[in-house]
Amino acid sequence: MSFKPRILIAEDESGIADTLQYVLKSDGFAPVWCATAEEAIAQFAQEPPALAILDVGLPDLNGFELFKRLRALNQAQGGVEVPMLFLTARSDEIDRVVGLELGADDYIAKPFSPRELVARVRTILRRSARGAPGGGAGPGSGVPPQNPGAAAPASPQPPAMPFALDNERMQIRYYGRLLELSRYEYGLLRLLVQRPGRVFTRDELLQLVWDDASDSFDRTVDAHVKTLRAKLKAVAPDVEPIRTLRGTGYALNEELPASAP
């Protein structure tokens, strides 16, 4: 039997929705399109999806408010937390910031590459599966539920992330060692740690971490990444936690050893 992860799409523009459905179906997903927030809430309540794609500008309800209602519904149902991705207009930087601060797993700006969106969806689902109890076989995930009477197959546990965040004290520990970070080093690393594997462009990092991005430059990000890497290397010299994607930006390595070599 073939299991297809169910993807909920809340998008009022039929052209965009058709594109999303086509590319998701082609890649083995089962998309469910809702043209309004009301429909999305009803579909979510009926069966939580593996992931939800929410347009910020829905006709009957702001996408951010829809996110909050779906998250509350998810918690009330008591199931595995459903990851969510926002669709935003390219010019609306504030929407991207708000979406991430609310707790969304990612966002993608319109107009977008359908293949890039599918790649983002797959990355989020892999990340979600590693963090979910029992390996992520939650509702709508497309993973067949295990027979409760059968022994679970032996499999290695995913490595524990070596970072520990203390948001109240604005501190980060790396392999148990407290890092001495500047304000912007802390903001930069915190953002990367909260989205392992997620590639942030330099412009995104400027918008999300720096107070006035218009007065800062790409080299500002590069300089802070360089000093941050030096501090991380001082703790674990043989580990490279921050990946550089040339011409694009930076991401936190998803495959880090649980203990320093």
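**Close-up 1. Helix 6 crosses helix 7 in the right-handed sense.** The model is predicted. Helix 6 spans residues 183-194, and helix 7 covers residues 202-209. Their axes lie 10 Å apart, at an angle of about 120 degrees. Helix 6 is therefore oblique to helix 7. From helix 6, the contact takes in Tyr184, Gly187, Leu188 and Leu191. Helix 7 contributes Leu205, Leu208 and Val209. By class, the residues of this contact are 6 nonpolar and 1 polar, with no charged residue.

**Close-up 2. Three strands form an open antiparallel sheet.** The strand order is 6-7-8. Strand 6 (163-166) and strand 8 (177-178) are the edge strands. Each of these edge strands pairs on one side only. Strand 7 comprises residues 171-174. Strand 6 and strand 7 are joined by 4 bridges in the antiparallel sense. Within this region, Ala164 stands opposite Arg173 of strand 7.

**Close-up 3. Helix 6 packs on the sheet.** Its contacts with the sheet involve strand 6 and strand 7. The direction of helix 6 makes about 120 degrees with that of strand 6. Helix 6 also packs with helix 7, again at about 120 degrees.

**Close-up 4. Helix 2 and helix 3 pack with their axes 10 Å apart.** Helix 2 runs over residues 37-46, and helix 3 over residues 63-77. The angle between them is about 15 degrees. Angles under 35 degrees count as roughly parallel, so helix 2 is roughly parallel to helix 3. The crossing is right-handed. On the helix 2 side, Ala37, Ala40, Ile41, Phe44 and Ala45 make the contact. On the helix 3 side, the residues are Leu66, Arg69, Leu70, Leu73, Asn74 and Gln77. In this contact, 8 residues are nonpolar, 2 are polar and 1 is charged.

**Close-up 5. Asn253 sits in the segment after strand 11.** Strand 11 itself covers 249-252. The side chain of Asn253 reaches the backbone nitrogen of Glu255. The distance is 2.9 Å. Leaving aside residues up to four places away in sequence, Asn253 touches Glu240, Pro241 and Arg243.

Key. Residues numbered from 1 in each chain as written. Predicted model: local features only at pLDDT ≥ 70, side-chain atom pairs only at ≥ 80, totals over all residues. Heavy atoms only, no water. Pairing = 2+ DSSP bridges. Helix = DSSP H or I, 4+ residues; strand = E, 2+ residues; numbered from the N terminus. Contact = heavy atoms within 4.5 Å. Axes fitted to C-alpha atoms, helices over the stretch in contact; angles between N-to-C directions. Parallel < 35°, antiparallel > 145°, perpendicular 65-115°, else oblique. Left-handed = near helix turned anticlockwise from the far one by under 90°. Nonpolar A, V, L, I, M, F, W, Y, C, P; charged D, E, K, R; others polar. Polar contact = N/O pair within 3.5 Å; in protein donor to acceptor, adjacent residues only side chain to side chain.
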